[in-house]
Structures are given as structure tokens and as C-alpha cells.
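Hi,

Here is the structure I promised to pass on, with some notes on what turned up in it. Have it open on your screen while you read.

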Amino acid sequence: MVQQVFYLLLEKIELNFITQVVLYWLIGSISFYAIGIFIEKFIKSNDVLRDKLTVRVKKVKKQEFPAFTIKGIIAGEIKAFMSVSIILYLAPEVHRGNSLLLNLGWFWMRIVAADFCFYVVHRLFHTKSFLKIHLKHHEFQDTSSFVAGHKSLLEYIIVTITDVLPILIFGYDITQVCAWTLIGNIYNLEGHSSLSIFFIPSDFHDLHHTGFNGNYGIHGFWDRVFKTLNPLSKKPGIMFPVSLIESNIINPYISAKQATHNKFDD
């Protein structure tokens, strides 16, 4: 639906390469800070909302996230602009139109591919050979949404490359990548906030930060495949479809089967 909005806004505007880069960069940067500030300054400052929306189960020591500086923001935006330029330069441009079904299929393939690339790289970051690259990110245990962007330059480059790979495979439509970066920022910032506001229904990523292992993927699918999932403490929701199916269908089926089996044994 977000992509549909971007399509309606941009369908009659001719965008050259530079304009696409600037648009992609602006949407990513503005949404990152706007969403983070909304979570940290509006929601978390309200005791009722914070207590109602908190999904963290394991308590952690409170850590104040470092204050933003002009120098830090400028450096971050330069990195972001360069990344966006490289992504759009390398990836083939396609025009998929406004078909809801086609774009929904693209998003699902993008999610599966991006999740796999991220899972592999993230799991490598937790091995002895690559751990130093990732340690900066784990200086904080999800006390702030902005922990999502707290990483070393080398990690930033590697994660950016993993994000490029699915686009190189499927190509990019500017309306889709704009929607992707907006939704991705919401998901990433919320995932590091220890709150359940829009998409995050459980403590999936909290468990990764407090345990320092397992839950390497985005939403748990590949963690289940490769058996690195830390069981969720909170009830799974729509963004965790595999967990939802397991909790509502598979587990009750197994329990019923075991109960029947035990009845015959008795």
C-alpha cells in the first residue's frame, strides 16, 4: 500500500538518475530521524504508552544513547548518500507499474532474499573472525531506537552491500525502493526500541541483544531453518508468520497428537 502511494505521487513525474538518488536519500534520512524521534521523545516520554507497548521481558541496565552532533549527522548523511548512489547506479531499473499483486510479490521476494543475506552476514559477525566489526553495535542493549544505526563504518558498508544484492537480482523501481526504505526504517527502529508499535509483536531482537547469539535474521524464518531461534517470550504476530503458524496450528496439532498417544498408552 505504501508503494501504491509513492506510485500515485510520482507516476507523472520524470525522474533522472540524480533526482532518484536525492529522493531515495531524503526519504531514508528524514524518515529515520522522524520515526526515531517520535519513538524516543513522544512514546517513551509517556509513561502509560511506554508501559503498554514495551515487549522486553528480560530487564537490562539503562544506558543513555550518545547525543547527536552536527559532525556525526553530516558524516552519517554523507555515508547514506554515497550508499544510495552506488545502489541505484549498480542495480538495473525496471518499471513494474501499479499492479498490487505484482508489487506484493516483489516485496515478499525482496523480504525473503534480504532476510537471507542479512542472516548470513549477521551470523558471520558473531564468529571470532568478524566479531570486532560488530562489537560497536552491541555496546547498547536496545535502549534506543537509534541503536539501529550505531555500527562501525565497515559494518555499515557490509550491511549496505547485503541490501544491494536482492535489488541487483530483482532490479529496482524507484517507487518500490522508496516504500522499502520507509517501511524498513520503521521496522528497524521499532525493532531496536523494545516497543511494539507498528510491526514488532515480540521480543525477537531484544533476545538477540541480551543473549548475544541466535535470532540473527529479520523476522525468524531463516533462524528456524538453521535452528538458531531463541524462543519468543511474547505472543508472535503478523510480521512473524512462521511463528504464528507454529503457535496456532502446528503446536496445538502436536499437543493433541501427543495427548491421543498418551491416552492409548494408559
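To start with the rings: F116, Y119, Y216, F221, W222 and F226 come together as one aromatic cluster. Keep in mind that this is a predicted model, and that everything below is computed from it.

The cluster is part of a wider theme, as there are 13 aromatic pairs in the structure. Take F17 and Y89: their ring centres sit 6.4 Å apart with the planes at 75°, and since planes over 60 degrees apart count as edge-to-face, that is what this pair is. F17 belongs to helix 2 and Y89 to helix 4 (residues 70–90), so the pair ties together parts that are 72 residues apart in sequence. The two partners are not equally covered: F17 is partly exposed at 34% relative accessibility, whereas Y89, at 65%, counts as exposed.

W25 and F81 make another edge-to-face pair, because their planes stand at 90°, with 5.4 Å between the ring centres. This one also links distant parts of the chain, with W25 in helix 2 and F81 in helix 4, 56 residues apart. Both residues come out as partly exposed, W25 with a relative accessible area of 23% and F81 with 32%.

One more ring to look at is Y156. K79 lies over its face, 4.8 Å from the ring centre.

Now back to helix 2, this time for G36, which is placed in that helix. Is G36 buried or exposed? It has 0% relative accessibility, so it counts as buried. Leaving out residues up to four places away in sequence, G36 touches S31, S145, F146 and L189. There is also a long jump in sequence here: G36 and E190 are 154 residues apart along the chain, yet their C-alpha atoms are 8.2 Å apart in space.

Helix 2 turns up again in the second largest pocket. That pocket has a volume of about 770 Å³ and a lining of 24 residues, with E40, K44, K62, T143 and S144 nearest its centre. Which helix gives the most to the lining? That is helix 2 (residues 17–43), with four residues. Sorted by class, the lining has ten charged, seven polar and seven nonpolar residues.

Last, two backbone oddities. S194 is not a glycine, but it has a positive phi of about 65°. You will find S194 in the loop between helix 8 (174–191) and helix 9 (204–211). With 7% relative accessibility, under the 20% cut-off, S194 counts as buried.

K227 is the other one: again not a glycine, and again with a positive phi, here about 55°. Its place is the loop between helix 10 (221–225) and helix 11 (241–265). K227 counts as exposed, because its relative accessibility is 76% and the cut-off for exposed is over 50%.

If you want a route through the model, you could begin at the cluster that includes W222 and F226, go on to the ring pair of F17 and Y89, and then follow helix 2 along to G36. From there, look at E40 and K44, which are among the residues nearest the centre of the second largest pocket.

Cheers

Key. Residues are numbered from 1 along each chain as its sequence is written. This is a predicted model: local features need pLDDT of at least 70, side-chain atom pairs count only at pLDDT 80 or more; totals for chains, interfaces and linings use all residues. Side-chain values use heavy atoms; hydrogens and water are left out. On a 1 Å grid over the protein atoms alone, a cavity is a set of points where a 1.4 Å probe fits but cannot get out, and a pocket is an open set with protein on both sides within 12 Å along at least five of seven lines; lining residues have an atom within 4 Å of a point. Grid points are joined across faces, edges and corners, and a volume is the space filled by probe spheres set on the points. Ala, Val, Leu, Ile, Met, Phe, Trp, Tyr, Cys and Pro count as nonpolar, Asp, Glu, Lys and Arg as charged, and the others, Gly among them, as polar. Buried means under 20% relative accessible area, exposed over 50%, partly exposed in between (1.4 Å probe, protein chains only). Contact means heavy atoms within 4.5 Å. Rings of Phe, Tyr and Trp (its six-membered ring) pair if their centres lie within 6.5 Å; planes under 30 degrees apart count as stacked, over 60 as edge-to-face and the rest as tilted. A charge sits over a ring if NZ of Lys or CZ of Arg is within 6 Å of the ring centre and within 35 degrees of the ring normal.
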